[in-house]
Protein chains: 2
Amino acid sequence: MAHRTISDEEFLGRALDLFRTYGYEGVSLSRLSEATGLEKASLYYRYPGGKEEIVMAVAARVVQGFEEHLFTALKAEGPPRKRVMAVAEQLRDFYCDGSKPCAINMLSIAGGGEDLKTMLRNVTQAWLKAFTEIARESGMSLSLARLRAEEAIVRIEGSLVVARALGDNAPFQRTLKLLPDLLTEA
Amino acid sequence: MAHRTISDEEFLGRALDLFRTYGYEGVSLSRLSEATGLEKASLYYRYPGGKEEIVMAVAARVVQGFEEHLFTALKAEGPPRKRVMAVAEQLRDFYCDGSKPCAINMLSIAGGGEDLKTMLRNVTQAWLKAFTEIARESGMSLSLARLRAEEAIVRIEGSLVVARALGDNAPFQRTLKLLPDLLTEA
DNA sequence: GTCTATATTAAGATAGAC
DNA sequence: GTCTATCTTAATATAGAC
């Protein structure tokens, strides 16, 4: 086959799709090669550290996605409730209506390295902080806002797990629907 | 090394620990061999179908655990609230206070076979049904009881994911604490 | 910058001794 | 019923042509 190429953006998107679906241990370089059209040697050219370096780049892209989409929507103009509704739409999109697993869940499985765990802990903390801030803006006390932020993330993550186990996205969709009340109504 | 042996009970317990920690793809026969003290050939003697048969036996044990511990506690004597408190203690035990991942989450990752998915869907549905029944006994309407049962499982699963990502079990412990209210207070 | 080809290690799986 | 030894396939990783 002739020279194929693929942008870093596109490459990381497809790699993310693999890692969130199969987990770190479930993704082989052959699988990555097949999904991206690049031979294994080319993967090593782009990422000399191999799978470990690729998964770190994927995690960095996830962090970037949180910043560009979620956190930006949370700090936009307008009333808090509207902003939370916009966030819910971003989440629906990222999780494909509940049919795709959460990268934080799948990449925090044992097997990945220590740096990966640190990135995932940091992005989860940033997510908690962002949800706490919007809840505070809605007039909640700091302690209630923190609890609601945690509850929101817990229910998003949990509903994705339950949806996958049941083969039915309804639990995720119900969770998104109650997100505005959860984060803006005391 | 001389002949070693291990009971099926003990074997499946250690195998469950591996699968819930590393996921189906992350568990190799070498890892199973090391964790159980049986050589690979002995694993094939006990489970001719290899890893796929082992993970099915592990999943069956998980189902059995749900029936023996959770569902039994839910159908015991006494007021519903007390029974839910007993269930919370069983959950605390099974998930080691929030430090061990949920087998349903980890085994429903893509890679396991279709039979495995069916078992996990069935046990999740049975769990939903059991929680719905205790909520109904507490006087809730069927539709509210169903919502609360789903919310309870969603929050258990989600808090385990968040606890793992943060490296802090507090979210799981908070979830257990509110379980009695969630399932028995309209 | 991607490819083909290949080396090396680990995984899944079986044969046969004890 | 468990072991050692071995086979086959797949995984990670590198060398060198283009």
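Which backbone N or O atom lies 2.8 Å from a phosphate oxygen of DNA strand D? In this predicted model, that atom belongs to Glu39(B). The report below takes the two DNA strands in turn and then the contact between the protein chains.

**DNA strand D**

Around DNA strand D there are 19 residues, of which Lys40(A), Arg4(B), Thr5(B), Glu39(B) and Ser42(B) come nearest. Of the atoms of this strand that come within 4 Å of the protein, 63% belong to sugar and phosphate. Polar atoms of chain B approach phosphate oxygens of the strand through side chains as well as through the backbone of Glu39(B): a polar side-chain atom of Thr5(B) is placed 2.7 Å from such an oxygen, and one of Tyr45(B) is placed 3.3 Å from such an oxygen. Two or more residues of the surface near DNA strand D come from each of α2 (29-36) and α3 of chain A and from α3 of chain B. The most is given by α3(B), with 4 residues. By class, this surface comprises 8 nonpolar, 6 polar and 5 charged residues.

**DNA strand C**

DNA strand C is likewise surrounded by 19 residues, and those that come nearest are Arg4(A), Thr5(A), Glu39(A), Arg46(A) and Leu29(B). Sugar and phosphate make up 63% of the atoms of DNA strand C found within 4 Å of the protein. Side chains of both protein chains reach phosphate oxygens here: Thr5(A) does so at 2.7 Å with an N or O atom, while polar side-chain atoms of Ser28(B) and Ser30(B) lie at 3.5 Å and 3.0 Å, respectively. At least two residues of the surface near this strand are supplied by each of α3 (40-46) of chain A, α2 (29-36) of chain B and α3 (40-46) of chain B. The element that gives the most is α3(A), with 4 residues. The surface near DNA strand C divides into 8 nonpolar, 6 polar and 5 charged residues.

The side-chain approaches to phosphate oxygens described above are collected here.

| Residue | DNA strand | Distance to a phosphate oxygen |
|---|---|---|
| Thr5(A) | C | 2.7 Å |
| Ser28(B) | C | 3.5 Å |
| Ser30(B) | C | 3.0 Å |
| Thr5(B) | D | 2.7 Å |
| Tyr45(B) | D | 3.3 Å |

**Contact between chains A and B**

How are the two protein chains related by superposition? A turn of 180 degrees, with a shift of 0.0 Å along the axis, lays chain A on chain B with an RMSD of 0.0 Å. This is the relation of a two-fold axis. Within chain A, Gly158(A) has the C-alpha nearest the axis, at 1.7 Å. Because 100% of the interface residues of chain A are also interface residues in chain B, the copies meet through the same surface.

Gly158(A) also belongs to the packing of α8(A) against α8(B). Each of these helices spans residues 142-166, and their axes are 6 Å apart at an angle of about 105 degrees. Angles of 65 to 115 degrees count as roughly perpendicular, and the two helices therefore stand roughly perpendicular to each other. The residues of α8(A) in this contact include Glu151(A), Ile153(A), Val154(A), Arg155(A) and Val162(A). Those of α8(B) include Glu157(B), Gly158(B), Ser159(B) and Val161(B). In total, the residues of the contact comprise 8 nonpolar, 4 polar and 6 charged.

How values were computed
Residues numbered from 1 in each chain as written. Chains lettered and ligands numbered in written order. Predicted model: local features only at pLDDT ≥ 70, side-chain atom pairs only at ≥ 80, totals over all residues. Heavy atoms only, no water. Near = heavy atom within 4 Å. Polar contact = N/O pair within 3.5 Å; in protein donor to acceptor, adjacent residues only side chain to side chain. Nonpolar A, V, L, I, M, F, W, Y, C, P; charged D, E, K, R; others polar. Axes fitted to C-alpha atoms, helices over the stretch in contact; angles between N-to-C directions. Parallel < 35°, antiparallel > 145°, perpendicular 65-115°, else oblique. Contact = heavy atoms within 4.5 Å. Least-squares fit on C-alpha atoms with pLDDT ≥ 70 in both.
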